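Let's walk through this model one piece at a time. Keep the viewer open and follow along as the elements come up.

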Amino acid sequence: MAVFFTVALLAMAYPLMAFDIGQSTRCVAIPNQMRVCKDVGYSEMRLPNFLGHSNLEGEVVPRSEDWKPLLQTGCHPQAQAFLCSLIAPVCLDTFIQPCRSLCMAVRNSCAPVLACQGHPWPEALDCDRFPTEEDMCLSPHAKFSHFAKDLPKPACQNCPSVEEGPAMKTVLDSFCQHDFAVIAKIHRRRLPMGEPEFEVEGRVEFIRQGPLLPYDTQHLLQQWLLINLRCAHFLVRPGRSQLYVLTGSVKPDGTLALTRLFPWHKKDANIAVATRKWKHHRC
């Protein structure tokens with residue numbers, strides 16, 4: 001995970017239009033080990049694909065898995081459909097490419113995630129190379145055009161401060177100064193093996209709920225960790241879990257920003273006292 005998407009991005013450095021639609025292709029079953037596209041809605045794909053890969057086991061499967069971390073961030077609801085239409089194009093009588101509008105929708109949401117890891121949007125995915133809606137292509141679903149519009153969403157940000165052993169007043173002041181404060185346990189897998197490296201374990205407990213929604217907050221925080229990997233790596237060691245009090249705000253554009261984080265160790269009585277006093281505290 002330290003070299004995020006590097007292999008995938010290098011593999012996509014070659015021009016997409018090097019693929020010749022007039023060349024001979026064959027249909028093959030999407031293999032079980034190609035988990036990124038296994039539940040995409042069809043069972044057979046064309047080879048070579050739109051990236052020019054013709055070796056299923058040697059190219060297509062391993063390079064498809066390079067994109068799993070991006071998809072796990074949930075950067076766009078149709079990111080999987082877009083990527084799989086290129087790496088595992090559906091086997092029909094005609095070639096179905098993604099529409100330019102779909103590419104732009106996914107790019108606008110997912111390019112900032114790549115940028116957060118220090119990578120540009122791949123040249124091979126230049127949206128100008130894809131057909132417009134006047135042609136036969138895979139277009140955005142209307143039901144996703146306003147996807148989660150009113151829900152807080154994670155975004156790339158500067159790393160929040162992590163404060164060990166805070167004074168009780170420091171913790172209470174942070175509760176007052178921010179929109180929300182929650183208690184969450186962060187776990188980091190030692191060997192992710194295709195699973196997300198970070199996850200929020202168990203239930204998220206609200207101290208100050210603010211604009212957060214109970215059913216969405218655990219998923220929201222986990223997405224934040226996967227987008228802001230460079231920050232998450234400082235929060236917990238591999239194979240360990242750590243309890244945190246997380247405080248932050250939701251910006252006017254709806255993006256969530258974590259600001260001050262307090263690791264909660266057993267010896268931290270001040271945090272325990274602050275969370276009890278908060279119920280009767282006036283800012």
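Start with a helix pair: α6 (residues 168-177) packs against α9 (residues 269-277) at an angle of about 45°, and their axes are 8 Å apart. Here an axis is a line fitted to C-alpha atoms, for helices over the stretch in contact, and angles run from 0 to 180 degrees between N-to-C directions. Helices (H or I, at least four residues) and strands (E, at least two) are DSSP runs, numbered from the N terminus. The packing angle makes α6 oblique to α9; under 35 degrees would count as roughly parallel, over 145 as roughly antiparallel, 65 to 115 as roughly perpendicular, and the rest is oblique. The crossing of α6 past α9 is right-handed, meaning that the near helix is turned clockwise from the far one by less than a right angle (anticlockwise would be left-handed).

Which residues make the contact? On the α6 side they are M168, V171, L172 and F175, and on the α9 side N270, I271, V273, A274, T275 and K277, with contact meaning heavy atoms within 4.5 Å. Sorted by class, the contact of α6 with α9 has seven nonpolar, two polar and one charged residues. The classes go like this: Ala, Val, Leu, Ile, Met, Phe, Trp, Tyr, Cys and Pro are nonpolar, Asp, Glu, Lys and Arg are charged, and the others, Gly among them, are polar. As for the spacing, an α-helix has 3.6 residues a turn, so residues three or four places apart point the same way.

A word on where all this comes from: this is a predicted model, in which local features need pLDDT of at least 70 and side-chain atom pairs count only at pLDDT 80 or more, while totals for chains, interfaces and linings use all residues. Residues are numbered from 1 along each chain as its sequence is written, and side-chain values use heavy atoms, with hydrogens and water left out.

Zooming out, the protein chain has nine helices and ten strands. Of its 283 residues, 47% count as buried, where buried means under 20% relative accessible area, exposed over 50%, and partly exposed in between (1.4 Å probe, protein chains only). Among the contacts in the chain with a separation of 6 or more, 73% come from residues 24 or more positions apart.

Now for the strands. Eight of the nine residues of β10 (residues 255-263) are buried. Strands pair if DSSP finds at least two bridges between them. β10 pairs in the parallel sense with β5 (residues 153-154) over two bridges, and K153 stands opposite T255. Two bridges also join β10 to β6 (residues 161-162), again in parallel, with S161 opposite R260. With β9 (residues 241-250), β10 runs antiparallel over seven bridges, and S249 has A257 as its bridge partner. β9 and β10 form a hairpin with four residues between them, and G254 in the turn has a positive phi of about 90°.

From β9, step across to β7 (180-188). Eight of the nine residues of β7 are buried. β7 runs antiparallel to β9 over eight bridges, with F180 partnering G248, and antiparallel to β8 over seven, where K185 stands opposite E201.

Just look at the loops on either side of β7. H178 sits in the loop between α6 and β7. Is H178 buried or exposed? At 9% relative accessibility, H178 is buried, and leaving aside residues up to four places away in sequence, H178 touches R208, T247, G248, S249, T259 and R260. L191, in the loop between β7 and β8 (198-208), counts as exposed because its relative accessibility is 64%. L191 is 47 residues from P238 in sequence, with 8.0 Å between their C-alpha atoms.

Last stop: helix α4 (residues 79-87), which is largely enclosed by the rest of the structure because seven of its nine residues are buried. The buried ones are A79, F82, L83, C84, S85, L86 and I87. Their cover includes β2 (44-47), α2 (56-65), α3 (68-72), β3 (97-98), α5 (100-116) and β4 (137-138). In the loop between β2 and α2 you'll find P48, and the peptide bond from L47 to P48 is cis, with omega near -5°.
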